[in-house]
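Reader: I am new to this structure and would like to be taken through its main parts. Could you show it to me before I begin asking?

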Amino acid sequence: MKEEKMQVYEIGYMLVSSIPEEKVASEVATLKEILSKKGADFIGEEAPELRTLAYTMVKKIGPTNHRFDKGYFGWFKFELPAKEIEGIKKAFEEN
């Protein structure tokens, strides 16, 4: 049986600042679960920290565009079979 080729990836993520601080950890847990279900082996991570953005970002939530000048930024570094990365990208974008 052919062994799957593993790649190292790093994903930075930005959570909108309207998320209450006490719920940020559960949002991060959801993102980690997406990675774990796809077979990611974690190498490192940085917990999200509320930061002022260099420019205002627009995020469509429902039918309305919302503007944010702050966000919770964090990252994950992990190893994963290369064939799984597109599914992770899609799942992160949907979340």
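Author: What follows is a set of questions and answers about this predicted model.

Reader: In what order do the three strands of the open sheet lie?

Author: The sheet is open and its pairing is antiparallel. Strands β1 (6-16) and β2 (41-61) stand at the edges, and each has a single partner strand, so one side of each is left without a neighbour in the sheet. From one strand to the next the twist averages 20 degrees. The order of the strands is β1-β3-β2.

Reader: Which residue in β3 is the bridge partner of Y13?

Author: Strand β3 covers residues 64-81 and runs antiparallel to β1, to which it is joined by eleven bridges. In β3, the bridge partner of Y13 is G74.

Reader: At what angle does helix α2 run to β3?

Author: Helix α1 (residues 24-37) packs on the sheet, where it touches β1, β2 and β3, and its direction makes about 155 degrees with that of β1. Helix α2 (residues 85-94), for its part, lies across β1 and β3. Its angle to β3 is about 155 degrees.

Reader: Is L35 buried or exposed?

Author: L35 lies in helix α1. Leaving aside neighbours within four places in sequence, L35 is in contact with I11, A40, F42, F76, F78, I88 and F92. Its relative accessibility is 0%, and because a residue under 20% is classed in this way, L35 counts as buried.

Reader: How far apart in space are L35 and A54, C-alpha to C-alpha?

Author: In sequence, L35 and A54 are 19 residues apart. In space, taken from C-alpha to C-alpha, the distance between L35 and A54 is 28 Å.

Notes
Residues are numbered from 1 along each chain as its sequence is written. This is a predicted model: local features need pLDDT of at least 70, side-chain atom pairs count only at pLDDT 80 or more; totals for chains, interfaces and linings use all residues. Side-chain values use heavy atoms; hydrogens and water are left out. Two strands pair if DSSP finds at least two bridges between them. Helices (H or I, at least four residues) and strands (E, at least two) are DSSP runs, numbered from the N terminus. Axes are lines fitted to C-alpha atoms, for helices over the stretch in contact, and angles run from 0 to 180 degrees between N-to-C directions. Contact means heavy atoms within 4.5 Å. Buried means under 20% relative accessible area, exposed over 50%, partly exposed in between (1.4 Å probe, protein chains only).
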